[in-house]
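Q: Please take a close look at one part of this model. I would like to know what surrounds that part and how the neighbouring elements are arranged.

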Amino acid sequence: MLFVCRCLKRLQWEFRHCFSTMALTEVSNNKMFGGQQKVFSHESTEVKCAMKFGIFLPPQAESGKCPVLYWLSGLTCTEQNFVTKAGAQRVAAELGFIVVAPDTSPRGCDIEGEEDGWDFGTGAGFYVNATQDKWKNNYRMYAYVTEELPALVNANFPTLPDKQGIFGHSMGGHGALICALRNPGKYLSVSAFAPICNPVNCPWGKKAFSGYLGDDQESWKEYDACCLVKKYNGPPLKILVDQGKADNFLPSGQLLPDNFVTACAEAKMELVMRMQEGYDHSYYFMATFMEDHLRHHAKFLK
């Protein structure tokens with residue numbers, strides 16, 4: 001009887017594994033630094049369209065399970081921006097990190113107005129779960145990156161689900177911060193490059209939140225790092241943020257890093273905010289300090 005039970009459990013596991021693997025379609029596969037940089041597509045149940053994500057599998061993934069880092073990209077980006085420009089794979093291979101980089105929004109949903117601007121709609125999901133009728137069926141990027149994507153990755157790749165971190169850039173930096181602050185203990189590490197720190201008070205955030213979430217500004221605060229850090233009640237976090245001093249979005253009030261510094265100080269949240277002389281908002285900036293961020297995460301994930 002014990003043998004039969006074990007056989008049934010094995011068959012059930014193989015069936016689930018086969019089903020979850022079939023859900024993914026490999027788009028590309030390139031060897032890098034002894035590991036594999038892959039891109040997959042799948043049909044998402046959260047955003048109800050085909051989604052792509054990049055995943056770097058370090059050499060260590062061939063023989064065992066590895067910590068996983070989720071990268072969230074900024075406005076107008078796809079999964080390709082991080083894969084091809086960030087320069088993360090060499091250090092990720094050394095540290096044994098799986099690195100996952102999803103797209104930034106649903107695509108091809110045929111929603112009226114979806115393609116009208118670069119800072120709202122396609123390429124600008126803002127990592128929220130939309131509540132407005134026009135957007136709520138598809139624009140659920142918060143649920144996608146915190147629930148559906150990790151479940152898919154954990155089912156198909158040799159991850160350590162209890163050792164995951166999150167980081168990102170600009171809109172994706174905002175996404176990384178809110179995901180960590182809204183889910184105490186889920187992400188052991190968090191960092192950001194030039195994040196949109198206080199979207200309820202910046203033009204990008206006001207446009208996105210009013211469109212996706214409506215006029216109730218109290219609901220906006222659930223997706224604002226400056227608001228969330230003040231009520232965070234979970235395991236200690238040490239947040240690393242790099243911000244370029246020559247970033248052209250600083251003078252326009254889109255990023256508001258000083259507001260986050262103040263909010264973290266009031267909440268007694270440990271924050272390292274590094275203002276980098278001469279650096280702008282581009283991937284040249286991120287590639288320069290990417291190794292620092294990966295080693296920051298290694299302190300908590302290794």
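What follows is one question and one connected answer. Where does H281 lie, and which residues does H281 touch, not counting residues up to four places away in sequence?

A: The model is predicted, so local features need pLDDT of at least 70 and side-chain atom pairs count only at pLDDT 80 or more, while totals for chains, interfaces and linings use all residues. Residues are numbered from 1 along each chain as its sequence is written, and side-chain values use heavy atoms, with hydrogens and water left out.

H281 sits in the loop between strand 9 and helix 10. Helices (H or I, at least four residues) and strands (E, at least two) are DSSP runs numbered from the N terminus. The relative accessible area of H281 is 12%, so this residue is buried; buried means under 20%, exposed over 50%, and partly exposed in between, with a 1.4 Å probe and protein chains only.

Two polar contacts involve the side chain of H281: one with the side chain of D247 at 2.5 Å, the other with the side chain of S170 at 2.9 Å. A polar contact is a pair of N or O atoms within 3.5 Å; within protein, one must be able to donate a hydrogen and the other to accept it, and residues adjacent in sequence count only if both atoms are side-chain atoms. Leaving out residues up to four places away in sequence, H281 touches H169, S170, A194, D247, N248, F249, L255 and M286. Contact means heavy atoms within 4.5 Å.

One of these neighbours, F249, lies in the loop between strand 8 and helix 9. F249 is partly exposed because its relative accessibility is 21%. Apart from residues up to four places away, F249 touches W204, Q254, L255 and H281. The C-alpha atoms of F249 and D280 are 8.8 Å apart, although 31 residues separate the two along the chain.

The strands around these loops belong to an open, mixed sheet of nine strands in the order 1-2-3-5-4-6-7-8-9. Two strands pair if DSSP finds at least two bridges between them. Strand 9 (270-276) is an edge strand, as is strand 1 (25-32), and each pairs on one side only. From one strand to the next, the twist averages 20°. Strand 4 (residues 66-72) and strand 6 (residues 159-169) run parallel and are joined by six bridges.

Two helices can be placed against this sheet. Helix 9 (residues 257-267) lies across strand 8 (238-244) and strand 9, at about 155° to strand 9. Helix 10 (residues 283-301) packs on the sheet and touches strand 4, strand 6, strand 7 (189-193), strand 8 and strand 9, with its direction at about 170° to that of strand 7. Axes are lines fitted to C-alpha atoms, for helices over the stretch in contact, and angles run from 0 to 180 degrees between N-to-C directions.

The largest nonpolar core has 96 residues, of which F53, F82, F126, Y212, F260 and M290 touch the most other members. Such a core is a set of buried Ala, Val, Leu, Ile, Met, Phe, Trp, Tyr and Cys residues joined through side-chain atoms within 4.5 Å. Helix 10 gives the most to this core, with eight residues. Outside its neighbours within four places in sequence, M290 is in contact with W71, F82, A86, G87, A88, F167 and F193.
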